[in-house]
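Subject: the model we talked about

Hi,

Here is the structure for you to open up. Have a look first, and then read on for what turned up in it.

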Amino acid sequence: MFFTFCGRFLNHFVLLIISQLLFSNLLFVQGADGEDVDLLVAYKNKEGRRKISSLLDFFEVNRTNVIVDVIYEIGDKLDDIDFDNYSLAELISSVKVPSDTWESYRDMLNGDSNIATVTINPSRLAPPDLKPEAPIDMADRFSLRRELYDETPPGIERVQATELWETDFEEQITVCVVDTGYDYGHVDLPTEFVTGTTPDPSYGDWSEDQNSHGTHCAGTIGALTQNGFGVDSCMRYEANFKFHIGKGLNGQGSGSGSTIMAAIRGCQNNGAKIVSLSLGGSANNPSEAEFYRSKFDEGLLLIAAAGNDGNTEKAYPASYGSVMSVAAVEPEATFSQVNNQVEISAPGSMVKSTYPGNRYQRKSGTSMATPHVAGVAALVWSRFPECTNVQIRNILVITAQKVTNEEYSERYGYGLVQAKAAYDLLESEGCTAADSFVNPLINPPDDPTSFGGSNNTGAIIATIIAVGVAVVVVLGALGYYFYYAKSK
């Protein structure tokens, strides 16, 4: 009798858990009634990509601004693409499907052998500004003379960027900023050696920034220095580096995993070695994680904001092992995320930088800390271009200035990034100086590339069902034996 009761109880309990997971997953996917569902589809070959489009026709979905592809841009023709030139990790498209047909569309894709996975396209955002000051207008000549004349923001000095300005660079390195765009024509930002891509045409041109977030981040890396006005930056001179701008976020600071990945692909196509990502979201995704891992393995140094929620949760892509997660170093930066993937820190409070319309503004956030690290990485790597991305990453880590008495802390990572310290170590010992250092954050045990990610709801549900069924069968059999067989 006892085992029969246990079997019936567990049966109801497992069914309740499954129904709750399915229901919550449905709510998460659909959102408000009538909204399109944004799916991230990883495919295996050209036929898989054809399937994505043909099913849209089958369900009579207008393709305009519906599909974002990682490996090619709007206007390219599918038949002209040699898919053998791309890794499987790059074969990703996102597609927006009406809420009343998305499940059927997903199921038909999952039934095709040319499709690898179908998941939800994760949201990626530029965190909202934390107590920003009013922009300073260049037209205010008194303000210009009093506040802006050749100003070096404190953060540029704290990361020792100024100490490398007089050293010789060996390579004009390309730094990519994936964000809300770039105020091309701003008097304090480069216009030479600047290129850009916009994966989603609805976001507008990369050379415009309706938000200001991307322009502010770009200014910390490369605002023109010693031009008689404005703010200084990490890189100092326009001729020392190139910018590539990936407009992965729209004017509201919103984007998705696919628009960011497509922007990164554009960075790589245009010769970028460093990608600065002042953006993120709470959801991780196995297809996205594999993409970032592939770009890291191909030599990109990926640097992203740890997040501004002020808790211990992980933000992505920063918390993928293939990405450096950057925290804000100031004690008052209580907004900065604290977790075991935070790798390094930089100034992130009241950072003054460029703002659209020939203006300037102070902003706070890990978004502001991230370009400090990207700028330092560019300074150092341009002096030692023979180093690999892994070597530069680890050099920055082992030469960081400790913020606490600990070798590593989940609040500040390995410490405050230091340009001169990194340069000195490379100058004395070369690129192999950090080869003996094993960075545990590059291959963390809980990285989604290791086991498929914690966001794989389908796998979780399938596991629960399998375990539940097994438990019910075993206890049911025991119950039958003890209650019915013994009673005869």
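In what follows, a residue is called buried when its relative accessible area is under 20%, exposed when that value is over 50%, and partly exposed in between. Keep in mind that this is a predicted model.

Salt bridges first. The count comes to 16. As a reminder, side chains of opposite charge can pair when their charged atoms come close. One of the pairs is Arg124 with Glu288, where the closest N and O atoms are 2.6 Å apart. Arg124 belongs to strand β5 (residues 123–125) and Glu288 to helix α8 (residues 286–297), so this is a link between distant parts of the chain, 164 residues apart. Are the two partners buried or exposed? Both Arg124 and Glu288 are buried.

Glu166 and Arg236 make another pair, with 2.7 Å between the closest N and O atoms. Glu166 sits in the loop between α5 (154–158) and β7 (173–179), while Arg236 is in the loop between α6 and β9 (241–247), so the salt bridge ties together parts that are 70 residues apart in sequence. Here the two ends differ in burial: Glu166 counts as exposed because its relative accessibility is 64%, whereas Arg236 is buried, with a relative accessible area of 6%.

The loop between α5 and β7 also holds Glu171. Its side chain meets that of Lys273 in a salt bridge, 3.2 Å from N to O. Lys273 is in the loop between α7 (257–269) and β11 (274–277), and the two residues are 102 residues apart, another link between distant parts of the chain. Glu171 has 28% relative accessibility, so it counts as partly exposed; Lys273 has a relative accessible area of 17% and is therefore buried. Beyond these pairs, Glu90, Arg265, Lys295 and Glu298 are joined into one network by salt bridges that share partners.

Next, the rings. The count of aromatic pairs comes to 12. Take Tyr43 and Phe83: their ring centres are 6.2 Å apart and the planes are at 65°, so the pair is edge-to-face. Tyr43 is part of strand β1 (residues 37–43) and Phe83 lies in the loop between β2 (67–69) and β3 (92–97), so distant parts of the chain are linked here too, 40 residues apart. Tyr43 counts as buried at 1% relative accessibility, and Phe83 counts as buried at 9%.

Tyr316 and Tyr320 give a tilted pair, because their planes are at 45°, with ring centres 4.9 Å apart. Both of these tyrosines are buried. Ring pairs also bring in Phe291 and Tyr292, so that Phe291, Tyr292, Tyr316 and Tyr320 form a cluster.

Now some backbone geometry you may want to check. For context, most residues other than glycine have a negative phi, and most peptide bonds are trans. Which peptide bond is cis? The bond from Tyr316 to Pro317 is, with omega near 15°. Pro317 is found in the loop between β12 (301–305) and β13 (323–328), and Tyr316 is the tyrosine from the tilted ring pair above.

Two residues have a positive phi without being glycine. Ser212 is at about 105° and lies in the loop between β8 (194–197) and α6. Ser212 is buried, with a relative accessible area of 2%. Met350 has a phi of about 50°; its place is in the loop between β14 (342–346) and β15. With a relative accessible area of 36%, Met350 is partly exposed.

That brings us to a sheet. An open sheet of 3 strands has the order β6-β16-β15, and the pairing is antiparallel. Its edge strands are β6 (136–137) and β15 (351–355), each of which pairs on one side only. How many bridges join β15 to β16? There are 5, and β16 covers residues 359–363. Lys352, for instance, has Arg362 in β16 as its bridge partner. Helix α6 (residues 213–222) packs on this sheet and touches β15 and β16, with its direction at about 115° to that of β15.

Cheers

Conventions
Residues are numbered from 1 along each chain as its sequence is written. This is a predicted model: local features need pLDDT of at least 70, side-chain atom pairs count only at pLDDT 80 or more; totals for chains, interfaces and linings use all residues. Side-chain values use heavy atoms; hydrogens and water are left out. Two strands pair if DSSP finds at least two bridges between them. Helices (H or I, at least four residues) and strands (E, at least two) are DSSP runs, numbered from the N terminus. Contact means heavy atoms within 4.5 Å. Axes are lines fitted to C-alpha atoms, for helices over the stretch in contact, and angles run from 0 to 180 degrees between N-to-C directions. A salt bridge is a side-chain nitrogen of Lys or Arg within 4 Å of a carboxyl oxygen of Asp or Glu. Buried means under 20% relative accessible area, exposed over 50%, partly exposed in between (1.4 Å probe, protein chains only). Rings of Phe, Tyr and Trp (its six-membered ring) pair if their centres lie within 6.5 Å; planes under 30 degrees apart count as stacked, over 60 as edge-to-face and the rest as tilted.
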